[in-house]
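Dear colleague,

Please find below the structure I said I would pass on to you. My notes on it follow directly after.

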Amino acid sequence: MADVDNTPVMEETFETTEEPVNMEGAAGGAKFLDPETGEPMYKWPVDEKHRCKVLKPWRFDRPHHRAFFYAWSSFFCAFFGWFALSPLLVNIGKFSPDIGISEKEDRVTSNIIGVAGTILMRFIIGPVADRWGPRWAQAGVLCIFSIPAYLVGTAQNFAMFCTARFFIGMLGGTFVVTQYWTSIMFAKNIVGSANATSAGWGNLGGGVTNALMPQFVNLMEAFGLDYNMAWRVAMVIPATFTLVIGILLFFFADDCPDGNYRFLIMSGQKHATNPWVSFGRAALNPRSWVLHLTYATCFGVELVMNGNLASYFQTSFGLDEGTAGLIAALFGLMNLFARSLGGITSDFGSSRWGMTGRLIVFFLTEIMEGLMLLTFSRMTVLGAAIPMLILFSIFVQMAEGATFGVVPFVDPRYTGGISGIVGAGGNVGAVLLNLIIRNVSPTSDAFLYLSFVVLGVSFFVLLLIWPFKIEDSMDGPEQPAKVIVEESDEEVAEVRVSDAAE
């Protein structure tokens, strides 16, 4: 068989009068067909499965970049609502004594319950996304579990408060859908960066909520409410953001490059995936559980910090709620770039050394995370603790980004199920690691023991090099495709590119 030359063939189109046919709605999304051949056309270069080969986060083009926007922004809103109560817990304990969280053990128990709810949802939502598509999965979680975020303000005792936090924690399942969505929208060369950036900007909600929720409560107090009522009313704000973004993404985004799952299945272009088969295949893959464990010590650590840092700075350094919240927010704000940096570094390692390069990056970032946490735990002066907190956060986020630079390669046919198991590892880790925080005093010593766990678990990454080797492939059945490429840097006319030529 003759070799195929994959070099794109450029055909000038700016002199033609023919326009691509807009097929919006034909498969549930914005798709264009070449008027001559009827083949799909896209604004940016795509691979054989129509996954985009470039990431331009500032774009809003359908289908790839609009899906990217809604993937990270929906997770951001979910994270904001999920941890909205954490920076308020100390003062809720003081001014709402009926809630019963005045002691450290009660606050940590509340945090454990808040992340425990996510474990079940993360196991479930991945196979659901495989079967019904990321739009239905993401919108369903956001809209349904915005309800307990609205209702937590009606809590009158510890049981009601923790029950509401358990169901609010279900919002954390949106992470799995976010990673699944970008995995099916972006090609092998850029998927690590796309996954890391979408998750990192979503995780940014954890930092923003630490900074803004105390200010929202102050605003309610400025309107004349006492603290007991102010925090309850303030919770309406993150609940509303969560509900609105869920509605928007359902109506204005696409499940995959070729449209929405429902229409593709009805037209015979896609086979309906059995969610139980998806979960079963993921669960029987030992690589899933290795990544589950390692993710427990990066994202799990982030959840622990999001739930405890504000209280830690208040009790250990004598800061007020607003100042402690702003400093704690620095940890989450590193998501603005650090998780993306982990994905970009993973992609770079892959370009040089294949999957081994990705795993080396993963291993080194986990090791550095543990060392930075160990150093932070020994800081007793605020001026030294803050820069160490920032360095520690950078390596936590990089390790998370490096993790999901590997996930799409474990079993590309069941990425949703794999993402669910790995994502749930973060919450399992948060529950177990929060037990160290709950039972060890002072909290600085608990952080020290936490660093030992991170350092030990990091060596499990080496199992993915041997014996559970991961193949460096996301290949699938070839499909014909044409793209429209815009030479935006030079601002010249668009040219039509044939993806392959004999």
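At the start of α13, which backbone nitrogen does a side-chain oxygen of N285 reach? It is the backbone nitrogen of R287, and the side-chain oxygen of N285 comes to within 3.0 Å of it. Please note that this is a predicted model.

Helix α13 itself covers residues 286–296. Its buried residues are S288, V290, L291, H292, T294, Y295 and A296.

Two of these, L291 and Y295, also appear among the contacts of T403. T403 belongs to helix α18, which comprises residues 382–406. With its neighbours within four places in sequence left aside, T403 touches L291, Y295, C298, F362 and V422. The relative accessibility of T403 is 0%, and T403 therefore counts as buried, the cut-off being under 20%. The side chain of T403 also makes a polar contact, reaching the backbone oxygen of A399 at 2.8 Å.

As to the chain as a whole, its secondary structure consists of 20 helices and six strands. The chain has 502 residues, of which 59% are buried. Of the contacts with a separation of 6 or more, 79% are between residues 24 or more positions apart. The exposed area of the chain is about 19400 Å², and 65% of that area is supplied by carbon and sulfur atoms.

With kind regards

How values were computed
Residues numbered from 1 in each chain as written. Predicted model: local features only at pLDDT ≥ 70, side-chain atom pairs only at ≥ 80, totals over all residues. Heavy atoms only, no water. Helix = DSSP H or I, 4+ residues; strand = E, 2+ residues; numbered from the N terminus. Buried < 20%, exposed > 50% of the residue type's maximum accessible area, 1.4 Å probe, protein only. Polar contact = N/O pair within 3.5 Å; in protein donor to acceptor, adjacent residues only side chain to side chain. Contact = heavy atoms within 4.5 Å. Areas by Shrake-Rupley, 256 points an atom, 1.4 Å probe, with all protein chains shown as cover.
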